[in-house]
Amino acid sequence: VGSPYPCSQSATFNTQMCCFRPGVTRFTDKTMHHIFNGQAVVTGSTVILDGTTIVNTDVTLNDCHIYMAKDALIDIYNGKSLTLGPNTIVEACGDDLWDAIKVRRLATLNTNGATIKDARTAVQSLNGGLFNLVSTSFINNLTGIEVTPHRNQGAHPGNYRSCSFRKNSKLKRPYDGSQKVTGIRVRSVDYIELGLACNNQYDHTDWSEFVNLDFGINAYQSSGRIIGNEFVNNDRGVFLMGLSPFSTRNLYSWIIGEDDQACQDNSREFQLTSRATQRVYNHFDYCRIVIHVRNLSDVVVSENGFENCRFFATAMQDMGGLQNASVTYFRNAHEDNNNGFQMTGMAANTVIEENTFDCTSARPNRRAIVCSNIGSLVLGDLSDDLPNEASPLRIIRNSLLNHGRGITVSNAGNAWVDGNEIFIPASPGIATYGISLESS
């Protein structure tokens with residue numbers, strides 16, 4: 001208004017940072033052989049990759065900086081390998097996530113001392129594609145490692161150690177906060193070991209960490225073992241799911257922690273305030289739910305450390321539809337969690353044995369063990385004269401300290417209580433109990 005040059009039209013422009021680095025060459029839909037002139041070992045190179053970059057020859061990148069354009073990907077062909085050596089960084093070039101490093105069935109990705117950032121899926125293993133990841137930082141990726149279906153081919157060969165999976169800041173576009181930021185995602189894999197192999201080659205210094213994620217490890221319709229991992233400030237440290245609770249094909253099993261003496265070198269010390277130090281095989285700190293399990297056939301959670309959990313240290317749901325399902329929860333150490341162990345819908349055979357549930361001070365509103373919607377129940381020591389089918393749940397020789405509500409059981413058929421040590425603090429005006437049986 002009042003301008004001597006009135007405008008009759010207006011336009012809106014959306015601007016974004018383009019993928020440009022001064023003096024850096026951009027390659028679109030090229031092969032690694034072309035980009036690096038056939039060199040097998042490349043040191044100190046900086047490039048921008050756009051479109052699909054094909055690894056069609058074995059190549060090692062040391063101290064390189066690889067910028068990835070929006071939606072760009074690296075595709076490692078069958079029989080070929082890509083090695084990302086020390087100080088090599090692969091990250092977004094602009095404000096948008098790039099796609100993935102795809103490892104085909106007979107291909108190999110090796111990393112040692114590298115950093116991979118800002119990807120939708122940093123590493124995607126296709127049908128058993130081999131990854132050997134050592135001392136590698138995964139930062140602000142929507143998914144760090146994705147393992148796609150791998151059936152009827154034995155154990156998945158992928159492995160990692162001394163790696164870090166972190167969300168340090170808001171992810172790049174198109175992330176809007178609704179997607180789940182995940183360290184490792186596994187789908188339809190017959191068997192995979194996530195963490196350290198159970199042998200004498202590695203020790204506690206080789207653990208990996210998952211920090212500030214929605215899911216540390218998320219697996220669906222798969223089986224395996226989780227050992228040698230640290231989970232800090234995740235919404236859910238480990239989230240495992242099978243099919244529906246009544247599916248006859250729901251035959252998925254997991255071991256979280258140790259059930260084999262060969263794993264002893266993989267353990268760390270967990271210092272409890274009121275007890276002796278305990279050896280643990282995974283450690284969880286400041287997660288909302290540490291371990292969340294639904295609809296699996298067999299689960300062993302053994303010798304793990306849980307502290308400062310904001311909701312439940314371990315939550316198991318809908319295990320009861322499988323007649324031969326089993327759960328073993330053994331020698332886990334808990335300290336200052338809001339709640340300890342929760343189970344709804346019982347497996348046919350469940351043992352909760354020799355766990356410690358501690359609060360360092362009186363916490364009258366906190367619960368140690370909660371079980372509900374059970375066909376029948378036994379709390380106490382094992383007995384040879386008790387038929388197994390009469391005791392689908394056994395809570396044996398656990399120690400509970402400073403919880404206002406020790407063992408809570410509701411909607412159970414039969415109950416037998418024995419062998420648990422429970423210390424309940426005095427809390428005037430607040431209802432506290434050692435054992436509560438409701439509709440049981």
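## Two residues with positive phi

Partly exposed means a relative accessible area that sits between the cut-offs for buried, under 20%, and exposed, over 50%. Keep that in mind as we look around this structure, which is a predicted model.

Start with S162, in the loop that links strand 17 to strand 18. Its relative accessible area comes out at 22%, so S162 counts as partly exposed. What is the phi of S162, given that it is not a glycine? The angle is positive, at about 55 degrees.

R331 has a similar story to tell. Look for R331 in the loop between strand 34 (326–330) and strand 35 (333–335). R331 isn't a glycine, yet its phi is positive too, at about 50 degrees. With a relative accessible area of 39%, R331 is partly exposed.

## A cis peptide bond

Now find the loop that runs between strand 18 (164–166) and strand 19 (182–187), because that's the home of P174 under the way strands are assigned here. Which kind of peptide bond joins R173 and P174? It's a cis bond, and its omega is about 5 degrees.

## The largest pocket

Next up is the largest pocket, which holds about 180 Å³ of space. It is lined by 13 residues, and those closest to its centre are G158, N159, E193, G195 and A197.

Which strands each supply at least two residues of this lining? They are strand 17 (159–161) and strand 20 (192–195). Sorted by class, the lining is made up of seven nonpolar, four polar and two charged residues.

## The nonpolar cores

Time to go inside. The largest nonpolar core has 90 residues, and the members that touch the most others are L61 and L82. Which strand gives the most to this core? That's strand 38 (residues 356–372), with four residues.

Let's zoom in on L82. If you skip its neighbours within four places in sequence, L82 is in contact with M32, V55, V59, L61, I74, I76, T108, L109 and N110. So L61 and L82, the pair that touch the most other core members, are also in contact with each other.

There's a second core as well, separate from the big one and made of 10 residues. Among its members are L196, C198, F270 and V280.

Conventions:
Residues numbered from 1 in each chain as written. Predicted model: local features only at pLDDT ≥ 70, side-chain atom pairs only at ≥ 80, totals over all residues. Heavy atoms only, no water. 1 Å grid on protein atoms, 1.4 Å probe; cavity = no way out; pocket = protein on both sides within 12 Å on 5 of 7 lines; lining within 4 Å. Points joined across faces, edges and corners; volume = space filled by probe spheres on them. Nonpolar A, V, L, I, M, F, W, Y, C, P; charged D, E, K, R; others polar. Buried < 20%, exposed > 50% of the residue type's maximum accessible area, 1.4 Å probe, protein only. Core = buried A, V, L, I, M, F, W, Y, C linked by side-chain atoms within 4.5 Å. Contact = heavy atoms within 4.5 Å.
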